[in-house]
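This report describes one helix pair and two pockets. Have the sequence and the 3D view open as you read.

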Amino acid sequence: MDQILLRLKDTFDPSTIGSLSGPTSLYGGFILGSLLGIILQKGRLCKYDVVSGMFRLQDFTFWRIGTPLLMIGMIVVFLFKDLGIIQLHVPATVVFAQLFGGVIFGAGLAIAGYCPAIAAGALGEGHLDALAAMVGIVFGSIVYAEVFDGSKLYHIISYINLGNVTFPDIFLVFNHWFFVLGFAFMCTAFLVGISMYDEFLRASFMIVGKVSGKLKRK
């Protein structure tokens, strides 16, 4: 407990905050976080019904906004890299750890209806149910930081470490633009697919409604 309090004290120490500069600037994080919040709020993504509807295959707003963002982000990042504007600092690809973390994150998102960014946006909109998600996120982060590192589970799921590689490296694509264009094509096909499925659902509900109305009149 003393170590936890000591780390909290170090985190909010003025010298620690003042040491953040350049690419890790707090101002940069604040600007990017604000832009993300505007996109989430204007896209109506800070709502429980929208997020839970995604998992129930009844609301595709999240996918309609998130998929183009992924495509544009991937193209811009590799374009800036090729132009020498940015350098990629790719984290290690640890297969089991990322699969395990992805399942936990997805389960938490489906159950709570909020991820960290959406919960913050929802709380800003006045949805008090997001407060429970925010408390859980903070508590889970503290438990992870204090318990997971160095534990047996850490050693088990860290077994397959591919190093600092990207998807083009993993799939041995000699030019990363082939992978980027393939990814953009798959995303476009996915958007067309969910739009067709959405229209199918609407037509089905209309037919069921009309049939139910006729049966009631009889």
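## Helix packing and pockets

H4 and H6 are oblique to each other, because their angle falls outside the other classes (under 35 degrees is roughly parallel, over 145 roughly antiparallel, 65 to 115 roughly perpendicular, the rest oblique). This is a predicted model, where local features need pLDDT of at least 70, side-chain atom pairs count only at pLDDT 80 or more, and totals for chains, interfaces and linings use all residues. Residues are numbered from 1 along each chain as its sequence is written, and side-chain values use heavy atoms, without hydrogens and water.

The axes of H4 (residues 48–55) and H6 cross at roughly 125 degrees and come within 8 Å. Axes are lines fitted to C-alpha atoms over the stretch in contact, with angles from 0 to 180 degrees between N-to-C directions. Helices are DSSP runs (H or I, at least four residues), numbered from the N terminus.

Which residues of H4 meet H6? They are Tyr48, Val51, Met54 and Phe55. Contact means heavy atoms within 4.5 Å.

Now the pockets. A pocket is an open set of points on a 1 Å grid where a 1.4 Å probe fits, with protein on both sides within 12 Å along at least five of seven lines; lining residues have an atom within 4 Å of a point.

| Pocket | Volume | Closest to centre |
|---|---|---|
| Largest | about 730 Å³ | Gly101, Ile104, Phe105, Gly140 and Tyr144 |
| Second largest | about 300 Å³ | Phe78, Val90, Val165, Thr166 and Phe167 |

H6 gives the largest share of the largest pocket's lining, eight residues.

Note on methods: Points joined across faces, edges and corners; volume = space filled by probe spheres on them. Helix = DSSP H or I, 4+ residues; strand = E, 2+ residues; numbered from the N terminus.
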